Amino acid sequence: MRNAFFLLLMTLLSISVSFAEGKKKAVVASTIQLSEQEILYNEGLELLKKGDYNEAASKFTIAISIDSLFVNAYYNRAIAYTEQGVYNRAMSDIETVIRLFGANDNADNHVLKAKIHYGIGDVTSAIEEIDRALEISPSNNNALLDKAALFQATGKYDMARSTYTKYNYKTGGDAYSYNELGNCYNKTGDKRVALDCYRKAYYADSTNNTVKFNLAKGIWEFDKDTANALYMVDALIKTDLTNAEYYNLKGYICYQAGDTAKANANFDLAIKNNNNLAQAHNGKGLIQITAGNYTEAIKHFNNAIAANINYTDAYINRGIAKEEFKDYTGACEDFKRASELGDANATAYFNKQCK
């Protein structure tokens, strides 16, 4: 789920209250004063915007102790508790909000309740709440986008693709939705369609670095357009000299282009900025395999696996390096582990060579 959207709901409530107060001040500016609970509530909103969730919740709690029917205070305290991971209290508050709204219940309440369910790990209930939000407000496209993100986060990529596509049809699409739709197609192996989605995302917002990164990776992997991919990733690096992912991508592009020296230098920069980036350690291992330095290669693959114990490529590559030492038992153990993690090529190789 996208925290930014839920914080937007909080901001809207804040604007609503401020606008109402502004109207009063315009009429009787010399006599109107905020009540104690309203002052505390506004202080809580400011703390919530700053990310000080514990103090924000405290302000809302005091406001509620003064006015037990202060629905906006319950709502925003639910947000504060959700952001802290205190889901039982958040759930209690949002259920109070829904009860107080009664027949005037709105979609935003159920979107927030969906986020709380997702935090608890109850994805089924989260989707039910999003559907309830869409029943109340069929035109709530943010809720539709959250539903797509829920499917995506739980690996239901076909359903996520369908929901993102529906959102794009209704709204004309945006950089976020096309980028995530591309990510879903990538997960299901359709890189051509994924690349088309990244291009649409780029047309929607050519300043979005996440989109530019995915587009650069796509044109390298699918179009095999090394020159344009390098041009784009170099532009990205200029915007953030500490981004390990950018250096890592450049390392792989250079490696594929045969420039192992430049590839190695970029993998080093990636590791310098993020020692836990498994792909960069794997890239250094590939360079050592290319040079025939299998002992060094295994060290780098070990580092990759230490950074990500479920990284299938590192197990496969380490297995290949072990075979060069005729350590067939060790190689088969690595291929078996990659197979257990779902790599079809590792499964086929293991069944052919190790059984």
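# Worked exercises on a helical chain

Lys224 sits in the loop that joins helix 12 (209-221) to helix 13 (226-239). Keep in mind throughout that this is a predicted model.

## Exercise 1: two lysines in loops

**Task.** Describe the backbone and the surroundings of Lys224, then do the same for Lys326.

**Solution.**

Step 1. Begin with the backbone of Lys224: its phi is positive, about 60°, although the residue is not a glycine.

Step 2. Now turn to accessibility. Lys224 has a relative accessible area of 53%, so this residue is exposed, the cut-off being over 50%.

Step 3. Move on to Lys326, found in the loop between helix 18 and helix 19 (328-340). Lys326 also is not a glycine, and has a positive phi of about 60°.

Step 4. With a relative accessible area of 61%, Lys326 counts as exposed.

## Exercise 2: helix 15 against helix 16

**Task.** Work out how helix 15 and helix 16 are oriented towards each other, and list the residues that make the contact.

**Solution.**

Step 1. Take the geometry. The axes of helix 15 (residues 260-273) and helix 16 cross at roughly 155° and come within 9 Å.

Step 2. Apply the cut-off: angles over 145 degrees count as roughly antiparallel, and helix 15 and helix 16 are therefore roughly antiparallel to each other.

Step 3. Add the handedness: helix 15 passes helix 16 in a left-handed crossing.

Step 4. List the partners. Helix 15 brings Thr260, Ala263, Asn264, Phe267, Asp268, Ala270 and Ile271, while helix 16 brings Ala280, His281, Gly283, Lys284 and Ile287.

Step 5. Sort them by class: the contact of helix 15 with helix 16 has six nonpolar, four polar and two charged residues.

## Exercise 3: on to helix 17 and helix 18

**Task.** Follow the chain onward and characterise the packing of helix 16 with helix 17, then of helix 17 with helix 18.

**Solution.**

Step 1. The axes of helix 16 (residues 278-290) and helix 17 cross at roughly 170° and come within 8 Å. That angle makes helix 16 roughly antiparallel to helix 17.

Step 2. The crossing of helix 16 and helix 17 is left-handed.

Step 3. From helix 16, the contact takes in Ala278, His281, Asn282, Lys284, Gly285, Leu286, Gln288 and Ile289. Facing them in helix 17 are Tyr294, Glu296, Ala297, His300, Phe301, Asn303, Ala304 and Ala307. By class, the contact of helix 16 with helix 17 divides into eight nonpolar, six polar and two charged residues.

Step 4. Next come helix 17 (residues 294-307) and helix 18 (residues 312-324), whose axes are 9 Å apart and which pack at an angle of about 155°. Helix 17 and helix 18 are therefore roughly antiparallel to each other.

Step 5. This crossing, of helix 17 past helix 18, is left-handed.

Step 6. Helix 17 contributes Tyr294, Ile298, Phe301, Asn302, Ala304 and Ile305, and helix 18 contributes Ala314, Tyr315, Asn317, Arg318, Ala321, Lys322 and Glu324. The contact of helix 17 with helix 18 counts eight nonpolar, two polar and three charged residues.

## Exercise 4: a cluster of rings

**Task.** Which residues do ring pairs link into a cluster with Tyr41, and how is Tyr41 placed against Phe60?

**Solution.**

Step 1. Start with the total: pairing rings whose centres lie within 6.5 Å gives seven aromatic pairs.

Step 2. For Tyr41 and Phe60, the ring centres are 5.7 Å apart and the planes stand at 50°, so the pair is tilted.

Step 3. Place them in the chain. Tyr41 belongs to helix 2 (residues 36-50) and Phe60 to helix 3 (residues 53-66), so the pair ties together parts 19 residues apart in sequence.

Step 4. Check burial: Tyr41 counts as buried at 1% relative accessibility, and Phe60 is buried at 0%.

Step 5. Complete the cluster: ring pairs link Tyr41, Phe60 and Phe70.

## Exercise 5: Val211 and its contacts

**Task.** Is Val211 buried or exposed, and which residues does Val211 touch, leaving out those up to four places away in sequence?

**Solution.**

Step 1. Val211 lies in helix 12.

Step 2. Its relative accessibility is 1%, so Val211 counts as buried.

Step 3. Apart from residues up to four places away in sequence, Val211 touches Ala175, Asn179, Tyr198, Ala201 and Tyr202.

Step 4. For a longer distance, take Phe350: Val211 and Phe350 are 139 residues apart along the chain, and their C-alpha atoms are separated by 37 Å.

Note on methods. Residues are numbered from 1 along each chain as its sequence is written. This is a predicted model: local features need pLDDT of at least 70, side-chain atom pairs count only at pLDDT 80 or more; totals for chains, interfaces and linings use all residues. Side-chain values use heavy atoms; hydrogens and water are left out. Axes are lines fitted to C-alpha atoms, for helices over the stretch in contact, and angles run from 0 to 180 degrees between N-to-C directions. Helices (H or I, at least four residues) and strands (E, at least two) are DSSP runs, numbered from the N terminus. Angles under 35 degrees count as roughly parallel, over 145 as roughly antiparallel, 65 to 115 as roughly perpendicular and the rest as oblique. A crossing is left-handed if the near helix is turned anticlockwise from the far one by less than a right angle, and right-handed if clockwise. Contact means heavy atoms within 4.5 Å. Ala, Val, Leu, Ile, Met, Phe, Trp, Tyr, Cys and Pro count as nonpolar, Asp, Glu, Lys and Arg as charged, and the others, Gly among them, as polar. Rings of Phe, Tyr and Trp (its six-membered ring) pair if their centres lie within 6.5 Å; planes under 30 degrees apart count as stacked, over 60 as edge-to-face and the rest as tilted. Buried means under 20% relative accessible area, exposed over 50%, partly exposed in between (1.4 Å probe, protein chains only).
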